[in-house]
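Here's a short set of exercises to work through with the model open in your viewer. Try each task before you read its solution.

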Amino acid sequence: MQFRARILGAAAGGGLPQWNCGCENCRLARAGEIPAQTQSSLAVSADGTDWAILNASPDIRAQLATTPELHPTGLREMPLRSVLLTNGDIDHVAGLLTLREMQPFTLFATAGIHEVLAVNPIFAALNPSVVTRAEVALERPAEIAPGLFATLFAVPGKVPLYMEGDEVQTDLVGEQTVGVELRAGDETAFYIPGCAMLNDALRHRLEGAALVFFDGTLWRDDEMVRAGLGQKTGRRMGHMSMSGADGSIAAFEHMKIGRKVFVHMNNTNPVLRPGSEERRAAETAGWTIGQDGMEVTA
C-alpha cells in the first residue's frame with residue numbers, strides 16, 4: 001500500500017489565468033509562456049484504485065477529464081469514493097455542483113462546513129439519497145477511501161468571504177478552516193491549503209512529517225496591493241505569505257520535513273513563473289512549487 005497524491009489544481013481562487021486579470025502572470029499564461037493552473041484541489045489514494053478528492057474546485061470537470069486515474073471504469077462506475085472539504089470557500093465547494101449527476105460518493109466535512117452548505121438550497125442538487133453527508137469531528141480519523149484515513153485538525157483562518165461581517169477575525173481556530181492529516185499504512189502526509197499562521201500547535205504536529213502540502217497563496221503580504229489589483233493583504237485574506245520574517249519559508253526553515261510542496265497559489269504569485277528569482281529562492285529553501293497534474297508520493 002502506497003500513498004499517492006495528484007495535484008488536480010495548484011492555483012488559488014480564480015486560477016491562472018484569472019478571467020478578468022491582466023497581470024504579468026495571467027498575460028504569460030494566456031500566451032502559453034508559463035503553464036496555466038486550475039483552482040485548488042488534490043486527489044489522494046492508498047491503493048491507486050480508489051480515490052478521494054480534497055476540495056471540489058469550480059474546475060473539477062476539466063480536472064477529472066485530464067486525470068486518467070479518475071475516469072469512469074464502467075457506464076456509471078467511478079474510482080471516486082469521497083470528497084473532503086477543508087473550508088467553505090467558493091473555490092473549494094463550487095465544484096460540488098458539477099458532481100450532481102446522481103453519482104454515489106461520501107461528502108466529508110466538519111459539522112460547521114456542512115452547515116454552510118445546508119443553508120444554501122442549491123447544494124440540495126447533490127441528492128442526499130445518493131451522496132452521503134458525513135460529519136467529521138476534529139481529531140478523529142475517518143476512512144475516506146479504502147486504506148486511507150483522514151484526521152481533520154483546526155488551523156488559523158477565517159470564515160468564507162461571502163460570510164464576512166463588518167469585523168473579520170483572520171486567525172480563528174475552529175471548524176471553519178481545517179488541515180488534513182492523511183495516513184495510509186505507515187505513511188503520513190498533510191494537506192493545508194489555507195493557513196493564516198504557523199502556531200505552536202501546528203508546528204508541533206508537522207514536525208518530522210514525510211510530506212506537507214501547504215498554503216502558498218502570495219509571495220509577499222502586500223503583493224496584490226503593489227500590483228494595483230486590490231487593497232487586501234494576504235494576512236487580511238487569512239493566508240500566510242511565503243517570504244518575509246513571518247512567512248512560511250522562514251517558519252519551516254528549521255523543521256524536519258521530508259518534502260514541502262506549495263499549493264493554492266494566487267495568479268499574482270511570481271513563483272508561478274519558472275526562472276523567476278522568487279521561484280529560485282523557494283526551491284533553494286527546499287520547496288517544490290506545485291502544478292496541475294503533478295504526482296507526489298510519500
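**Exercise 1.** Find how much space lies in the second largest pocket of this predicted model, and work out which residues line the pocket.

*Solution.*
- Start with the volume: the second largest pocket holds about 390 Å³ of space.
- Next, go round the wall. There are 15 lining residues, and those nearest the centre of the pocket are Leu64, Met78, Thr98, Leu99 and Glu101.
- Now ask which element gives the most to that lining: helix 2 (residues 60–65) does, with three residues.
- Finally, sort the lining by chemistry. You get nine nonpolar, three polar and three charged residues.

**Exercise 2.** Search the whole structure for cavities of 30 Å³ or more, and describe the lining of the largest cavity.

*Solution.*
- The search turns up one cavity of 30 Å³ or more.
- The volume of the largest cavity is about 30 Å³.
- Its lining is made by Pro35, Gln37, Leu272, Arg279, Ile289, Gly290 and Gln291.
- By class, the lining of this cavity splits into three nonpolar residues, three polar and one charged.

**Exercise 3.** Decide whether strand 2 (residues 41–45) is enclosed or open, and explain why.

*Solution.*
- Count first, using under 20% relative accessible area as the cut-off for buried. Five of the five residues of strand 2 pass, so the strand is largely enclosed by the rest of the structure.
- Then take the faces one at a time. In a regular strand, side chains alternate between the two faces of the sheet.
- For strand 2, one side carries Ser41, Ala43 and Ser45, the other carries Leu42 and Val44, and all of these are buried.
- Now look at the strand partners. Strand 1 runs antiparallel to strand 2, and five bridges join them. Gly9 has Ser41 as its bridge partner in strand 2.
- Strand 3 also pairs with strand 2 in the antiparallel sense, over four bridges. Here Ser45 stands opposite Trp51 of strand 3.
- Last, check the turn: the hairpin of strand 2 and strand 3 has five residues between the strands, and among them Gly48 takes a positive phi near 80°.

**Exercise 4.** Work out in which sense strand 5 (residues 105–109) and strand 6 (residues 131–135) pair, and give the handedness of the crossover that links them.

*Solution.*
- The two strands pair in the parallel sense, with five bridges between strand 5 and strand 6.
- To fix the register, use Thr106: its bridge partner in strand 6 is Thr132.
- Follow the chain from strand 5 through helix 4 (residues 111–118) to strand 6, and you have a right-handed β-α-β crossover.

**Exercise 5.** Track down the backbone oddities at Pro17, Asn55 and Met102, and place each in the fold.

*Solution.*
- Begin with omega. The peptide bond from Leu16 to Pro17 is cis, with omega near 0°. Pro17 belongs to the loop between strand 1 (4–9) and helix 1 (24–30).
- Move on to phi. Asn55 isn't a glycine, yet its phi is positive, at about 75°. You'll find Asn55 in the loop between strand 3 (51–54) and helix 2. Asn55 is buried, at a relative accessible area of 0%.
- Met102 is another residue other than glycine with a positive phi, near 55°. Met102 sits in the loop between helix 3 (90–93) and strand 5.

**Exercise 6.** Describe the surroundings of Arg259 and Glu207, from place and exposure to contacts.

*Solution.*
- Place Arg259 first: it lies in strand 12 (residues 259–263). With a relative accessible area of 33%, Arg259 is partly exposed.
- Leave out neighbours within four places in sequence, and Arg259 is in contact with Ala210, Leu211, Val212, Thr288 and Val296.
- For a distance check, the C-alpha atoms of Arg259 and Ala150 are separated by 19 Å, with these positions 109 residues apart along the chain.
- Glu207 is in the loop between helix 5 (200–206) and strand 11 (211–215). Glu207 counts as partly exposed too, at 39% relative accessibility.
- Not counting residues up to four places away in sequence, Glu207 touches Met255 and Lys256.
- One more distance: Glu207 and Gly14 are 193 residues apart along the chain, and their C-alpha atoms are separated by 32 Å.

Definitions and conventions. Residues numbered from 1 in each chain as written. Predicted model: local features only at pLDDT ≥ 70, side-chain atom pairs only at ≥ 80, totals over all residues. Heavy atoms only, no water. 1 Å grid on protein atoms, 1.4 Å probe; cavity = no way out; pocket = protein on both sides within 12 Å on 5 of 7 lines; lining within 4 Å. Points joined across faces, edges and corners; volume = space filled by probe spheres on them. Nonpolar A, V, L, I, M, F, W, Y, C, P; charged D, E, K, R; others polar. Pairing = 2+ DSSP bridges. Right-handed = clockwise from strand over helix to strand, strands pointing away. Buried < 20%, exposed > 50% of the residue type's maximum accessible area, 1.4 Å probe, protein only. Contact = heavy atoms within 4.5 Å.
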